[in-house]
Amino acid sequence: MRGALSSVLVAVVASVTTASAEDTEGRYAVKGSGQMPCAEFTRALADRTEAATQALSWLAGYLTAINASEDATFDIVSWQSEGMIAQALDARCKANPDEPLAKAVEAMVAIMRPDRIAIQETPIEVKLGQRKRVLYPSVITRMQSALKTAGADVDVNGEFDEATERALRDFQRNASLAATGFPDSITLFRLLNTN
């Protein structure tokens, strides 16, 4: 039974990736937590309820579906952490409490789309002391380019080397952030967000 269900799910996913994303009037059926009003999501997130956990799991599935079905998209999420994505969605929902969660996520994805990872890359583990995270080489390259534009002496090579760490520490100090040299989400947001 489990094998049959897996086969059906694989067939459904395969058909979704080749089918039109919506009907001729731009509509599509929303399933699960995507139907939840934004106000309900913000309450659930603040109260740390099971509904928030389910909504965030739904979000992960939505992002995976984007990766599977959208042209020129290996990963719609280039560097943002799960926590940062949850905070961004919460902020969007607070500003639009009557909006369905699916529409809020759609708007958030539209903002993330220009920074997506278009082709497969092997992430690199960045480790400083006890802190570690993985970043795509193209994100490190973007980070190095932004640091170089700001006057840092770094090579734009996609490797997190000592010069990049020093330049990042200087950037953090100048931006009144904790000068750790670690590419945490707030640092990357301040460095890479050009809007």
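Helices and strands are taken here as DSSP runs, of at least four residues for a helix and at least two for a strand, numbered from the N terminus. On this basis the predicted model contains eight helices and two strands. Their order along the sequence is α-α-α-α-α-β-β-α-α-α. Of the 195 residues in the protein, 35% are buried. Among contacts with a separation of 6 or more, 53% join residues 24 or more positions apart. The exposed surface amounts to about 11,800 Å², and 54% of this is supplied by carbon and sulfur atoms.

The average pLDDT of the protein is 88, and 88% of the residues score at least 70. Residues 1-20 have a pLDDT below 50, and beyond near neighbours in sequence this stretch has two contacts in the model.

Helix 5 comprises twelve residues, 101-112. The distance from its first C-alpha to its last is 16 Å, close to the 16 Å expected at 1.5 Å a residue. The buried residues of helix 5 are Leu101, Ala102, Ala104, Val105, Ala107, Met108, Val109 and Met112. Their cover includes helix 2 (38-47), helix 3 (50-69) and helix 4 (82-95).

Two aromatic pairs are present in the structure. In one of them, the ring centres of Trp58 and Tyr62 are 5.3 Å apart and the planes meet at 40°, so the pair is classed as tilted. An edge-to-face assignment would require planes over 60 degrees apart, and a stacked one planes under 30 degrees apart. Both Trp58 and Tyr62 belong to helix 3, where they are four residues apart, or about one turn of the helix. An α-helix has 3.6 residues a turn, so residues three or four places apart point the same way. Trp58 has a relative accessible area of 18% and is buried; Tyr62, at 17% relative accessibility, also counts as buried.

The other pair, Phe74 with Tyr136, is edge-to-face, with 6.2 Å from centre to centre and 80° between the planes. Phe74 is located in the loop between helix 3 and helix 4, whereas Tyr136 is located in the loop between strand 2 (131-135) and helix 6 (137-149), so this pair ties together parts that are 62 residues apart in sequence. Phe74 counts as partly exposed, because its relative accessibility is 31% and the cut-off for a buried residue is under 20%. Tyr136 counts as buried, with a relative accessibility of 11%.

The largest nonpolar core consists of 22 residues. Trp79, Leu135, Val139, Met143, Leu147 and Leu191 have the most contacts inside this core. Two or more residues each are given to the core by strand 1 (124-128), helix 6, helix 7 (162-174) and helix 8 (185-192). Helix 6 gives the most, with four residues. The surroundings of one core residue, Leu147, can be listed individually. Apart from neighbours within four places in sequence, Leu147 is in contact with Ala152, Val154, Thr164, Ala167, Leu168, Phe171 and Leu191.

A second core, separate from the largest, has 21 residues. Leu59, Leu89, Leu101 and Ala102 are among them. Leu101 and Ala102 are also among the buried residues of helix 5.

Key: Residues numbered from 1 in each chain as written. Predicted model: local features only at pLDDT ≥ 70, side-chain atom pairs only at ≥ 80, totals over all residues. Heavy atoms only, no water. Buried < 20%, exposed > 50% of the residue type's maximum accessible area, 1.4 Å probe, protein only. Contact = heavy atoms within 4.5 Å. Areas by Shrake-Rupley, 256 points an atom, 1.4 Å probe, with all protein chains shown as cover. pLDDT = per-residue confidence, 0-100. Expected span 1.5 Å × (residues − 1). Phe/Tyr/Trp six-rings, centres within 6.5 Å; stacked < 30°, edge-to-face > 60°. Core = buried A, V, L, I, M, F, W, Y, C linked by side-chain atoms within 4.5 Å.
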